[in-house]
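Subject: Structure for your files

Hello,

Here is the structure I said I would send. My notes on what was found follow below it.

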Amino acid sequence: MKIFTAAQIRELDNYTIEHEPIKSIDLMERAAHALTEAIVERWDNSVPVVVFAGPGNNGGDALAVARMLSDRNYQVQTYLFNISGKLSAECAENRQRLVTKKGRPLLTEVTQEFDPPRLEAGMLVVDGLFGSGLSKPLAGGFASLVKYVNASRAEVVSIDMPSGLMTEDNSYNVRANIMRATVTLTLQHQKLSFLFAEHQQFVGELQVLDIGLSEEGIARIDAPYTLIDDDDARSLLLPRDPFAHKGTMGNALLVAGSYGMAGAAVLAAKACLRAGVGKLTVHTPRRNVAIVQSTVPEAVLHIDREETIFSEAVPTESFQAMAIGPGLGTSEQTAIAMIAQLRRAQCPVVADADALNILAAKHAWMQQLPKGIIITPHPKELERLEGQCTDSYERLSKARMLAERLQGYVVLKGHYTAICMPDGHIAFNTTGNAGMATAGSGDVLTGILLGLLARGYQQREACLLGVYLHGLAGDLAAEELGEESLIASDIINYLPKAFAALHA
């Protein structure tokens with residue numbers, strides 16, 4: 001599923017109007033019907049409704065919704081803010097339809113001073129002040145109105161966007177001047193800003209409404225962002241040859257674990273094997289041997305000459321993929337061995353955890369990373385690599401630029417894990433849950449990616465499928481075990497069910 005920018009949303013609306021063809025006012029009517037149905041499903045007509053409509057098309061949507069709710073015997077007070085004396089054509093038309101409606105007057109048009117209605121618990125505010133076209137923070141009377149609504153106990157349903165929230169970049173926004181919605185009814189597609197953790201307080205519960213925008217137009221517009229869904233992940237699965245044997249299912253190398261951190265190596269190794277790899281070799285210090293050998297008997301061990309740390313690069317000619325970093329440590333000797341390992345890699349590479357911490361401390365080494373590398377930082381690891389960020393949008397922008405600069409893949413982990421690709425495209429994962437916020441979860445992801453790469457998946461496909469499977473396994477585990485007690489090993493244990501779900 002594509003995520004469009006504000007400019008592309010306008011382009012898609014115009015494409016639909018031109019090619020369906022349909023008049024703009026009729027497309028607005030279609031959207032208003034979908035919005036009204038969604039509201040009616042949640043709130044019955046015993047709930048008093050206050051509609052706040054702005055002067056643009058978001059306001060036009062709100063006025064149409066007010067009319068349709070009134071037709072269903074809802075008690076509706078409607079306020080249209082026409083401070084500048086300029087309404088969009090569609091907003092003006094819906095104003096006219098409302099004022100000529102039979103029955104008592106439903107509309108108060110605000111042109112100067114505004115005495116707001118009393119908002120109480122048990123009431124519903126329909127927020128139609130500003131939508132996806134907003135390009136600057138709210139100020140003045142609109143900011144005061146938003147603060148007034150936010151301070152009330154009324155529930156709020158926002159049309160398309162919570163007023164004051166911008167579609168993409170909110171780095172310089174004024175958070176106190178953004179509507180806090182109970183429910184956001186967004187039109188046709190997710191918006192980028194909805195994917196950022198700091199905006200959840202404004203979006204509330206999100207519902208995406210299909211308003212029948214042109215499928216051809218959606219296909220033609222090249223969106224910079226996409227969401228990975230079940231169909232996308234299923235389409236990436238490679239068929240398993242019935243005559244396959246371990247020699248044809250990939251040979252993977254995992255460089256992981258320092259003394260005291262063998263668990264990271266174990267988790268990554270088990271996940272790699274559960275991802276279907278034919279053979280796995282784990283390079284680890286001597287003191288980890290007994291732990292890894294007893295907990296992952298399916299893995300082959302390659303033992304470092306040092307007792308407690310990784311100290312020597314391993315030849316990679318016989319491997320189809322390599323992962324390095326989980327529990328590795330950051331000693332100087334390990335750092336030198338790590339960059340030597342990356343420089344001599346002759347196969348696809350995943351770098352995570354301490355590999356990234358070493359690179360953050362020795363930033364000049366970033367230039368020596370192999371093309372096509374996959375790195376999997378969490379937000380703090382990315383900031384150690386690229387500098388501190390003020391918000392999620394800046395962090396995402398830095399991750400994208402890093403992927404372009406490295407000509408590799410940056411998997412920025414989070415609620416919507418973002419896969420930043422060398423061509424600038426970003427795909428967001430839709431699986432996973434808060435129970436996965438537990439130590440070792442990232443090591444499991446590294447193992448999954450390693451296994452898929454060794455099996456023959458290209459980097460792009462391995463990232464998309466691996467992240468989706470990781471989250472899906474976590475979701476399946478949470479369904480049975482609950483989020484509170486979820487641990488990283490549970491994700492590994494539910495990987496078979498995740499694969500089975502995609503194959504179903």
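The secondary structure of this predicted model comes to 18 helices and 18 strands. Its C-alpha trace spans about 85 × 45 × 40 Å along the principal axes.

One sheet is described here in some detail. Seven strands make up this open sheet, with parallel pairing, in the order 4-3-2-5-6-7-8. At its edges stand strand 4 (107-110) and strand 8 (205-209); each has a single partner strand, so one side of each is left without a neighbour in the sheet. On average, neighbouring strands of the sheet are turned by 20° against each other, direction ignored.

At the strand 4 edge, the partner is strand 3 (residues 76-81): the two run parallel and are joined by four bridges. If you want a place to start looking, phenylalanine 81 stands opposite valine 110 in strand 4.

Some totals for the chain as a whole:

- Burial: the chain has 504 residues, and 58% of them count as buried.
- Contacts: taking those with a separation of 6 or more, 74% are between residues 24 or more positions apart.
- Surface: the accessible surface is about 21,100 Å², and carbon and sulfur atoms account for 50% of that.
- Charge: there are 44 positive and 57 negative side chains, and the centres of these two sets lie 3 Å apart.

Regards

Conventions: Residues are numbered from 1 along each chain as its sequence is written. This is a predicted model: local features need pLDDT of at least 70, side-chain atom pairs count only at pLDDT 80 or more; totals for chains, interfaces and linings use all residues. Side-chain values use heavy atoms; hydrogens and water are left out. Two strands pair if DSSP finds at least two bridges between them. Axes are lines fitted to C-alpha atoms, for helices over the stretch in contact, and angles run from 0 to 180 degrees between N-to-C directions. Buried means under 20% relative accessible area, exposed over 50%, partly exposed in between (1.4 Å probe, protein chains only). Contact means heavy atoms within 4.5 Å. Accessible areas come from the Shrake-Rupley method with a 1.4 Å probe; for residues, only the protein chains shown count as cover. Lys and Arg count as positive and Asp and Glu as negative; His and the chain ends are not counted. The place of a charge is taken as NZ of Lys, CZ of Arg, CG of Asp or CD of Glu.
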